[in-house]
Amino acid sequence: MRYIPLHCHSTFSFNAGVTAVPDLVSHAHELGMGALALTDTDRVSGLITFYLECRKRGIKPILGLELTSSRDPAEHVVLLAKNAAGYGDLCEIVTRRQVGAAKFNLDETFSRHWPDLILLTSFPHLLQMLAGTPNRTNLVGELINNSRQTRERSRRLEHAATALQVPLVAANNSFFNFPEDWETHRILRAIGLNSTLSRLNSSEVVPPAAHFRSAAEMDKAFPSHREALAF
């Protein structure tokens, strides 16, 4: 099995994602991707368009979302639907997140079993937490290599996943198609934060390398994780 992008954002990740859904799918098609996931932050707004665009291009659509915690929005779990029931679960969970944002937390949400969802996380402490829930059998550790920070976190995550016997997948958490789109991402982040480009710090933007990588680029980024690339 070839590499599948399982953590991708579109413009529906408001004030962060640069790429329109049709452009994301078109780029994936140009790179020969056989399947693709859309995982916008706390949104499923683009999934129907995404599904239709993928079907037009002969790409298998994987419906998902990136779910954040109200305690710390920088931390997240990626949810991928296995089937139609899983899509319904995505809608239910994101509705809870939007309606009850002040009280929403990941611990409570995943204390319930969601058999039709696959859960990915790149945060070691969230991996530990989720491994103690009924969702352990559908849990996967997410390796990301697009900055020094993500590499360091991935090393810690791999250590935790090995101890917990949780499988690993390699991803890139992409927000734009090309490295040069990073400047547009920075502008969107400044708008969303009511800030200026000069005042943005590194924790408020994604790395320049958080672009949609080809299979060859991912091979270079993860030379010792072939199984994780072919998850």
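The second largest pocket has a volume of about 330 Å³. A pocket here is an open set of points on a 1 Å grid over the protein atoms alone, with protein on both sides within 12 Å along at least five of seven lines. Lining residues have an atom within 4 Å of a point. Volume is the space filled by probe spheres set on the points, which are joined across faces, edges and corners. The second largest pocket is lined by 17 residues, and Lys60, Ile62, Ala81, Lys82 and Ile118 are the closest to its centre. Two or more lining residues come from each of S2, strand S3 (76–81), helix H3 (84–99) and strand S4 (117–121). S2 gives the largest share, four residues. Helices (H or I, at least four residues) and strands (E, at least two) are DSSP runs, numbered from the N terminus. By class, this lining has 14 nonpolar, one polar and two charged residues. Ala, Val, Leu, Ile, Met, Phe, Trp, Tyr, Cys and Pro count as nonpolar; Asp, Glu, Lys and Arg count as charged; the others, Gly among them, are polar.

The model is predicted: local features need pLDDT of at least 70, side-chain atom pairs count only at pLDDT 80 or more, and totals for chains, interfaces and linings use all residues. Residues are numbered from 1 along each chain as its sequence is written, and side-chain values use heavy atoms, with hydrogens and water left out.

The largest pocket holds about 1,000 Å³ of space. Its lining comprises 35 residues, of which Pro73, Ala74, Phe175, Ser203 and Val206 are the closest to the centre. Strand S2 (60–68), helix H6 (148–164) and helix H7 (182–192) supply at least two lining residues each. The lining of the largest pocket divides into 14 nonpolar, 13 polar and eight charged residues.

Two cavities of 30 Å³ or more are present. A cavity is a set of grid points where a 1.4 Å probe fits but cannot get out. The largest cavity contains about 60 Å³. Its lining includes Tyr3, Pro5, Leu6, His7 and Cys8, together with Phe212 and Arg213. Six nonpolar, four polar and one charged residues make up that lining. The second largest cavity has a volume of about 50 Å³. Among its lining residues are Arg2, Tyr3, Ile4, Leu6 and Phe231. Strand S6 (168–171) and helix H9 (226–229) give two or more residues each. This lining has nine nonpolar residues, no polar residue and one charged residue.

Cys8, from the lining of the largest cavity, is in no disulfide (a pair of cysteine sulfur atoms within 2.5 Å). The nearest cysteine sulfur, that of Cys54, is 9.9 Å away. The disulfide count is zero. Cys8 is buried (under 20% relative accessible area, 1.4 Å probe, protein chains only) at 2%. Cys54 is also buried, at 0%.

Helix H6 contributes to the lining of the largest pocket. Its 17 residues should span 24 Å at 1.5 Å a residue (1.5 Å times one less than the number of residues), and the end C-alpha atoms are 24 Å apart, which agrees. Buried residues of H6 are Thr150, Arg153, Ser154, Leu157, Ala160, Ala161 and Leu164. They lie on the same side of H6, because they cover an arc of only 130° around the axis (taken from the directions from the helix axis to the C-beta atoms). An α-helix has 3.6 residues a turn, so residues three or four places apart point the same way. The face of H6 turned away from the buried side carries Arg148, Arg155, His159, Thr162 and Ala163, which are exposed (over 50% relative accessible area).
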